[in-house]
Amino acid sequence: MSIASTHTVPLLDLQAQHESIRGEVLEAILPLIDAQRFILGEPVEKLERAVAAYCGTAHAIGCANGTDALFLALLALEVGPGDEVLTVPFTFFATAGAVVRTGATPVFVDIDPATFNMDPARLEDALKRHPKAKAILPVHLYGACADMDAILALAAPRGIPVVEDAAQAIGAEYRGRRAGSLGAIGCFSFFPSKNLGGYGDGGILTTNDAELAARLKALRVHGSREKYIHEWAGINSRLDALQAAVLLVKLKHLDAWTEGRRANAARYKEMLAGLGLPAVLPREAEHTTRHVYNQFVLRCERRDELRAFLATEAIGTEVYYPLPLHLQKCFAALGGREGDHPVSEACCKDVLAMPVYAELTAAQMSRVCGALRRFYGR
Ligand SMILES: Cc1ncc(COP(=O)(O)O)c(C=O)c1O
């Protein structure tokens with residue numbers, strides 16, 4: 001454990017994780033530095049095979065980051081100007097940002113308050129108004145899968161592909177099936193704070209469709225399969241060999257870290273249940289057979305005051321997310337108004353993410369729970 005974390009409880013302690021794998025990582029990257037081989041290549045191919053196996057898909061295609069993964073997925077599905085993509089307003093900007101980058105328009109669908117994910121009933125309503133939507137883009141927020149059977153049951157008869165924004169959900173399971181294997185394409189981020197995080201930016205796409213996989217492989221290298229011959233107007237979105245080498249080391253530990261997060265979430269629930277705190281603990285839907293707790297999020301009264309109090313106690317928290325996407329200035333032209341998506345708007349006012357990383361100690365968790373009790377006078 002890092003020295004800082006004995007005195008404070010940071011939201012995430014990457015230093016503690018790094019100390020446990022430092023030797024392995026240095027051993028993995030040194031030969032690549034010596035060989036001066038940095039872009040794609042064997043480590044990336046190895047990582048692609050390993051992630052495909054981990055997610056239960058036939059193919060995985062590395063790329064530069066999770067935002068590009070979403071953009072590439074939409075390009076591969078030929079989403080472009082004039083098209084509409086149904087997605088949620090309660091997510092990180094990149095979900096809708098990627099849609100806009102293709103020239104298409106995001107159409108927002110509110111979330112289910114029990115799961116923080118796309119509400120299939122709202123999706124059904126939206127499909128009545130937007131029957132020609134070119135894609136549906138649910139997010140597996142905080143590490144739990146959206147209700148994919150219900151979403152696919154609406155999408156499939158209309159021939160609309162579903163792209164999973166699984167940036168926060170590597171290893172998450174929906175009725176026993178892994179995130180990224182449920183829709184047409186799964187999109188993952190290796191941003192350092194993700195459960196499988198690189199030493200910089202990185203991303204990967206998963207699919208069972210060989211044709212889509214071939215197209216994605218080309219799109220990430222300027223749409224080219226043959227050097228200097230361009231079938232599509234692709235982009236430069238390659239994964240570095242060094243990142244792949246780091247991620248291959250980390251992937252071996254991912255299940256242990258995920259189980260650590262899940263155990264910490266269970267312990268929080270045990271410690272906080274029955275105290276009568278005006279804070280709602282996260283619930284796991286029946287379809288969630290494995291929540292990977294990229295975030296452990298409470299819905300709480302006086303959220304901002306609580307957050308400031310916890311900061312004075314040296315306890316790190318974060319608000320994911322304070323403003324829904326339909327109310328963001330950059331999407332003003334879409335005409336979103338307050339009241340359009342009430343569940344997302346309410347969540348933006350009361351969610352608070354607590355530390356849940358695997359290396360968190362029992363003593364640190366007791367400190368967090370003690371501080372919550374004191375703040376609420378329990
Ligand atoms: C839900 C969601 N989608 C997309 C992204 C984008 O990933 P990246 O930061 O790797 O571009 C993130 C990560 O921040 C995310 O949390």
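Which are the buried residues of helix 8 (residues 210-219)? Keep that one in mind; the tour gets there after a few stops.

**Before you start**

The structure is a predicted model, in which local features need pLDDT of at least 70 and side-chain atom pairs count only at pLDDT 80 or more, while totals for chains, interfaces and linings use all residues. Residues are numbered from 1 along each chain as its sequence is written.

**Stop 1: helix 8**

Select residues 210-219. Helices (H or I, at least four residues) and strands (E, at least two) are DSSP runs, numbered from the N terminus. The buried residues of helix 8 are Ala213, Arg215, Leu216, Lys217, Ala218 and Leu219. A residue is buried if 20 or more other C-beta atoms lie within 10 Å of its own, exposed if 12 or fewer, and partly exposed in between, with C-beta atoms placed from the backbone. Now add the surroundings: the cover over these buried residues includes strand 1 (59-63), helix 4, strand 9 (203-207) and strand 10 (224-226).

**Stop 2: the two domains**

Next, colour by domain. The domain assignment gives domain 1 (14-110 + 117-247) and domain 2 (254-375); such bounds come from an automatic or database domain assignment. Their C-alpha centres lie 24 Å apart. Across the boundary, 28 residues of domain 1 are in contact with 27 residues of domain 2, where contact means that the C-beta atoms of two residues, placed from the backbone, lie within 7 Å. On the domain 1 side, helix 2 (14-35), strand 3 and strand 6 (173-174) each supply at least two of the touching residues. By class, that side has 15 nonpolar, 8 polar and 5 charged residues. Here Ala, Val, Leu, Ile, Met, Phe, Trp, Tyr, Cys and Pro count as nonpolar, Asp, Glu, Lys and Arg as charged, and the others, Gly among them, as polar.

**Stop 3: a right-handed unit**

Select strand 2 (residues 84-87) and strand 3 (residues 105-108), which pair in the parallel sense over 4 bridges. Two strands pair if DSSP finds at least two bridges between them. Look for leucine 86, whose bridge partner in strand 3 is valine 107, and for threonine 87, which stands opposite phenylalanine 108.

Now add helix 5 (residues 94-101): strand 2, helix 5 and strand 3 make a right-handed β-α-β unit. Right-handed means that, with the strands pointing away from the viewer, the path from the first strand over the helix to the second runs clockwise. The buried residues of helix 5 are Ala94, Thr95, Ala96, Ala98 and Val99. They pack against helix 4 (66-76), strand 2, strand 3, strand 4 and strand 5 (163-165). Just after helix 5, glycine 103 takes a positive phi of about 95°.

**Stop 4: into the core**

Strand 2 also runs parallel to strand 4 (residues 135-137), joined by 3 bridges. What stands opposite valine 85 in strand 4? The residue to select is alanine 135. Not counting residues up to four places away in sequence, alanine 135 touches Leu74, Leu77, Val79, Val85, Ile160, Pro161 and Val163.

Both Val85 and Ala135 are among the residues that touch the most other members of the largest nonpolar core, which has 107 residues; the others are Leu72, Ala73, Leu74, Cys187 and Leu205. This core lies between domain 1 and domain 2, because both give residues to it. A nonpolar core is a set of buried Ala, Val, Leu, Ile, Met, Phe, Trp, Tyr and Cys residues joined through C-beta atoms within 7 Å.

**Stop 5: an open sheet**

Move on to an open sheet of 3 strands, which has the order 12-14-15 and antiparallel pairing. Strand 12 (279-280) and strand 15 (351-354) stand at the edges with a single partner strand each, so one side of each is left without a neighbour in the sheet. Strand 14 (residues 296-300) and strand 15 are joined by 4 bridges. Phenylalanine 296 stands opposite methionine 354 in strand 15.

**Stop 6: backbone details in the loops**

Finish with three spots.

- Tyrosine 142 sits in the loop between strand 4 and helix 7 (148-155). Its phi is positive, about 65°, although it is not a glycine. Is tyrosine 142 buried or exposed? It counts as buried, because it has 23 C-beta neighbours inside 10 Å.
- Alanine 314 is in the loop between helix 10 and helix 11. Its phi is also positive, near 60°. With 13 C-beta neighbours inside 10 Å, alanine 314 counts as partly exposed.
- Tyrosine 321 lies in the loop between helix 10 (303-312) and helix 11 (342-350). A cis peptide bond, with omega about 15°, joins tyrosine 320 to tyrosine 321.
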